Amino acid sequence: MNGLYLVCDGGGTKTDFLLFEKTGRVRGRAQGAGANANFVPPAEAAHTVYAGVMECLAQAGAAPAQVREFVLFIPGFRPALPELETLLGSGNVRQLGDEKNAFYAALGAPCGIAVLSGTGSFATGRDKAGRTATAGGWGPLFSDEGSGYHIGVLCLSRLALLHDTHVTGTLLEKNRAGNAGPAGCSVHSRRGIPARFYAQACGAAELCCGTVGPRGGCKCMRGAG
């Protein structure tokens, strides 16, 4: 078996895994929930990545020791890295942001500009002289305009305004109110939306689209990625 390499592309909604040989032959694929440790506990993020890695290795009939390098393109994952290295029994793990793999995957060229809008958003570019620049990608507390999370927050803001101005029967209310809170809470209750968002720490994007996929991610955000 040729030397194996494993790359992982993750964010706040989903995580994709690819195991391949140096020749480019693919030996395993997997997908898991989001692994950005800014949104989930570091231990949970580490175990999500570990599960995806082991699923790929099982498809190839290989062990972690046969992987020459693990490269994780997962923003916010650094707090989870020590636990993942312990689980894998390997210190040969590199963790980077997701701008580099997005750039090369989108362009397949050494220079140009790539824009990504998924759970988060950013733009990154490189010119012919090798100079690089990146804008955005700071996370939902700072920016990420145009991302799924940002759209979700705008929806929540609009629902709050509808409540405060006593406007009812809108399309947004009809489509999303049923997903804006747990049993007993509704958009008509001032405590309804905050109860779900704060007490259950649910993502804003998930609250507004109300479509949670089988792996815990939001279906519309997976589509946006």
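**View 1. Cys8 and the question of disulfides.** A residue is called buried when its relative accessible area is under 20%. In this predicted model, Cys8 has a relative accessibility of 1% and therefore counts as buried. How many disulfides does a search of the whole structure find? The search finds zero, and for Cys8 the nearest cysteine sulfur, which belongs to Cys56, is 8.7 Å away. A disulfide is a covalent bond between the sulfur atoms of two cysteines, and Cys8 takes part in none.

**View 2. The β-α-β unit of strand 4, helix 2 and strand 5.** Strand 4, covering residues 67–73, joins with helix 2, covering residues 81–88, and with strand 5 to make a right-handed β-α-β unit. The two strands run parallel and are joined by four bridges, and Phe70 has Val93 of strand 5 as its bridge partner.

**View 3. The two faces of strand 5.** Along residues 93–96, which make up strand 5, the side chains alternate in direction. Which of these side chains are buried, and which are not? Val93 and Gln95 point to one face and are buried, whereas Arg94 and Leu96 point to the other face and are not.

**View 4. The salt bridge between Glu69 and Arg94.** The side chains of Glu69 and Arg94 meet in a salt bridge, with a distance of 2.7 Å from N to O. Because Glu69 lies in strand 4 and Arg94 in strand 5, this pair ties together parts that are 25 residues apart in sequence. Glu69 is partly exposed, with a relative accessible area of 22%, and Arg94 is also partly exposed, with a relative accessible area of 41%.

**View 5. Further salt bridges, including a network.** Five salt bridges are found when the whole structure is searched. One of them links the side chains of Glu21 and Arg27 at 2.7 Å, N to O, and both of these residues are buried. Glu21, Arg25 and Arg27 are joined into one network by salt bridges that share partners. Asp16 forms a salt bridge with Lys14, in which the closest N and O atoms are 2.7 Å apart; with a relative accessibility of 22%, Asp16 counts as partly exposed.

**View 6. A nonpolar patch on the surface.** Trp138, Leu141 and Phe142 make a nonpolar surface patch of about 490 Å². Phe142 is placed in the loop between strand 8 (132–136) and helix 4 (148–164). Is Phe142 buried or exposed? Its relative accessibility is 63%, so Phe142 counts as exposed.

Note on methods. Residues are numbered from 1 along each chain as its sequence is written. This is a predicted model: local features need pLDDT of at least 70, side-chain atom pairs count only at pLDDT 80 or more; totals for chains, interfaces and linings use all residues. Side-chain values use heavy atoms; hydrogens and water are left out. Buried means under 20% relative accessible area, exposed over 50%, partly exposed in between (1.4 Å probe, protein chains only). Two strands pair if DSSP finds at least two bridges between them. A crossover is right-handed if, with the strands pointing away from the viewer, the path from the first strand over the helix to the second runs clockwise. Patches are made of residues with over 30% relative accessible area and no salt bridge: like charges are joined within 9 Å, nonpolar side chains (Val, Leu, Ile, Met, Phe, Trp, Tyr) within 5 Å. Accessible areas come from the Shrake-Rupley method with a 1.4 Å probe; for residues, only the protein chains shown count as cover. A salt bridge is a side-chain nitrogen of Lys or Arg within 4 Å of a carboxyl oxygen of Asp or Glu. A disulfide is a pair of cysteine sulfur atoms within 2.5 Å.
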